[in-house]
Amino acid sequence: MSEQSRRDLAQLLLPVIRWNADRGFTDARALIEQALQLGVGGFLLAGGEQDGVRALAKELQLKSRHPLLLAAELERGAGQQFAGATGLPPLAAITAMGDIEALRRAARLTAREARTMGVNWNLAPVCDLDLLAENPLLGTRAMGQDARKVAQLVQAWIEATQAEGVMACAKHFPGIGRATRDPHREAVSVDTPADQLKELDLQPFRAAISGGVASVMTAHVAYPALDSSRAPATLSREMLQWLLRQQLKFDHLIVADLMTLPGVCEGRTVADACVLALRGGCDVLLAPGDLDTTLDALEKALDDGTLDPERVKQSVRRRLKWAQWVSPPNDWRRPSGADTAWGALLADKVLRIEQGPIPPMAGVTEVALVDDDDDVEGRRPDRTGIVEAMRLAGNDARIVSAPTAASAGPFVIALFADYLPTKGRCTLREDTVAAVRAFAAQAEAMHRPVVLVGLGDPRWVQQLAMPVPTIIAWNGDRVMQQAAGRGLLRKR
C-alpha cells in the first residue's frame, strides 16, 4: 500500500472537534494535530464561541495540505452550535408561519454567519417527513408531513444556502420519518413498502437533488423493501449506488452520519462499518472512530479488493471539488445589521398562543421549571432564559420550587420536553406529569391562574391536556426561552 493511497483514504474521514465550556478546544488539540498529519478531508465542529471558531477554522485551513470541509449541524441557525451567533427557531416553527421567504431568509442568515466563521458546510436541512408522533428523532426538526409542500420548502432552503457559498446537506436519505426507534441507541428498521417510500418519503430528496444540493446524508436505518439484505442505508449499495446514484441521478457528495452510532456499528467495529460505508457508496464519513485504526482497516480493504480503487478516487475527487467550491475568503459575504436584527425577532414571531389569552403578569412573576429531558445525555442550554428575558424587561421574575405569597399574579410552569437523540421515548415521564399537575394544583389553591410554557415539540405539551393558557415555544434553545419570556409580558 502506497503512502498516497493512505492519504487518499484519510481525505474521506471527518473527525469531530468538540468544544468544552471550561477548556475550549484544548482537549481536541491532540486529535487535531494527528488528523492534520494524516491529511483528513475536514472536521465536524460541535460547539464553540464565534471568535474562537473563526480562529480555529483559519488555523485548520492554513495547516492542511488541501482545502478542508468544515461542517456543523446548523438546522436552527449558527447559534445552535456557536455562542455569539444568531440562534433561530426550529424548521417546523418557521414553516408553520406559511412564509417561504422567511425560510429563505433564515437559510441565508445561517449561511452568512457560518461563512464568516469559516464553516463551509451546513449539515441541513432535514428532508424527512414528520409522519409519526412515535418517531423519537424528528419533531420540530422536520418541515412538515405533506411531501409536496416539504419538497418545495427543502428546495428553497438549499438554494438560499448555497447561493451564499455554503454547502447544504439533504438528510437522512431515504427518509427516517417512519422510524419508531432511535439509531443513536440501537439498530433500526423501517418495514414500509417500497412504493410508499418512493412516492412520499423520497419526494423532498428529489427536490433537493433538482435544486443542486451539494451533499446527501445517509440514514443509519434499514429498509428491507429497498434492500433485502437489511443493511442500513449507510452501508447499502442498493440504496446508494442504484437508487440514489443511478435512479435519482445524484452525482455529488454522499456523507455518512456519525459512524460511531449503534444504528450502523451494532454487531461490528466502527472501523469495519467505515469499510462497508465506503464500499456501499458513501464518499466521506463523519466521526470515523480512531483514525489510525480506521485507516488501517480501509488500507487492508483496498489491498484485498473489498474497496474498489477507482471508487475511492471518485470520492477523493468529489470531496476536493466541493472543498474548492467553498474556498473563497471567510468574509466573502457578512450578515448585515438588518439580517441579524430580523433573526433576533423571528423567535418572537413564531410563538403560538393556545387556550389563551395570556393573563397580565404581576410585578413579581414566579416560574417553576419542569424538565422532562434532564435524564438525556448531551450538551444543552441552561434553563434560565425565560426569567432573564423578563428581568431585562423590568419584571422581577424568579425561578421557584413552589408558588409563594411573594406574588399574586399568574404562576408560570415552563415544561422542557422534546424529541432528542438518545432519549428513546415519545411520552412524558410519569414524574414529569405529576410535577406539572402538582404545581398547577398549588397555584389554584392560592387562587392564582396558571400559564404553561411548552419548550419543545407541541405534541409533548398536548399530552398534559391542561385547559390553561399556553405558550408554544417549539424547543428549549436559549433563543426560544427568551422569546417565551418576552411573550409572557407582551401586551395584547
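Reader: Which residue is the bridge partner of Val412 in S16?
Author: The partner is Val451. This is a predicted model, in which local features need pLDDT of at least 70 and side-chain atom pairs count only at pLDDT 80 or more, while totals for chains, interfaces and linings use all residues. Residues are numbered from 1 along each chain as its sequence is written, and side-chain values use heavy atoms, with hydrogens and water left out. Names such as S16 stand for DSSP runs numbered from the N terminus: helices are H or I runs of at least four residues, strands E runs of at least two.

Reader: What makes S15 and S16 a pair?
Author: Two strands pair if DSSP finds at least two bridges between them. Six bridges join S15 to S16 (residues 450–455), and the two run parallel.

Reader: Why is the crossover from S15 to S16 called right-handed or left-handed?
Author: The path from S15 goes through helix H16 (residues 430–445) to S16, and this β-α-β crossover is right-handed. The term applies if, with the strands pointing away from the viewer, the path from the first strand over the helix to the second runs clockwise.

Reader: Which strand is joined to S15 by six bridges besides S16?
Author: Strand S13 (residues 364–371) is joined to S15 by six bridges, and these two run parallel. Asp371 stands opposite Phe416 of S15.

Reader: What makes S15 count as mostly covered?
Author: Six of the six residues of S15 (residues 411–416) are buried, meaning under 20% relative accessible area (exposed is over 50%, partly exposed in between; 1.4 Å probe, protein chains only). Phe411, Ile413 and Leu415 point one way, and Val412, Ala414 and Phe416 the other way. In a regular strand the side chains alternate between the two faces of the sheet.

Reader: Why are S12 and S14 called edge strands?
Author: Six strands form an open sheet with mixed pairing, in the order S12-S17-S16-S15-S13-S14. S12 (352–354) and S14 (396–399) each pair on one side only. S12 is joined by three bridges to S17 (residues 470–472), and these strands run antiparallel. In that pairing, Arg352 has Ile472 of S17 as its bridge partner.

Reader: How do you know that H16 packs on the sheet?
Author: H16 touches S13, S15 and S16, and its direction makes about 175° with that of S15. Contact means heavy atoms within 4.5 Å. Axes are lines fitted to C-alpha atoms, for helices over the stretch in contact, and angles run from 0 to 180 degrees between N-to-C directions.

Reader: Which residues of H15 are buried, and what do they pack against?
Author: In H15 (residues 385–392), Gly385, Ile386, Val387, Ala389 and Met390 are buried. They pack against S13, S14, S15, S16 and helix H18 (478–489).

Reader: What makes H7 oblique to H8?
Author: The axes of H7 (residues 194–201) and H8 (residues 203–210) come within 5 Å and cross at roughly 45°. Angles under 35 degrees count as roughly parallel, over 145 as roughly antiparallel, 65 to 115 as roughly perpendicular and the rest as oblique. The crossing angle therefore makes H7 oblique to H8. Lys198, Glu199, Leu200 and Asp201 of H7 and Gln203, Pro204, Phe205 and Arg206 of H8 make the contact.

Reader: How do H2 and H12 lie to each other, roughly parallel or roughly antiparallel?
Author: The axes of H2 (residues 29–38) and H12 (residues 291–303) come within 11 Å and cross at roughly 25°. H2 and H12 are therefore roughly parallel. Leu31, Gln34, Ala35 and Leu38 of H2 meet Leu291, Asp292 and Leu295 of H12.
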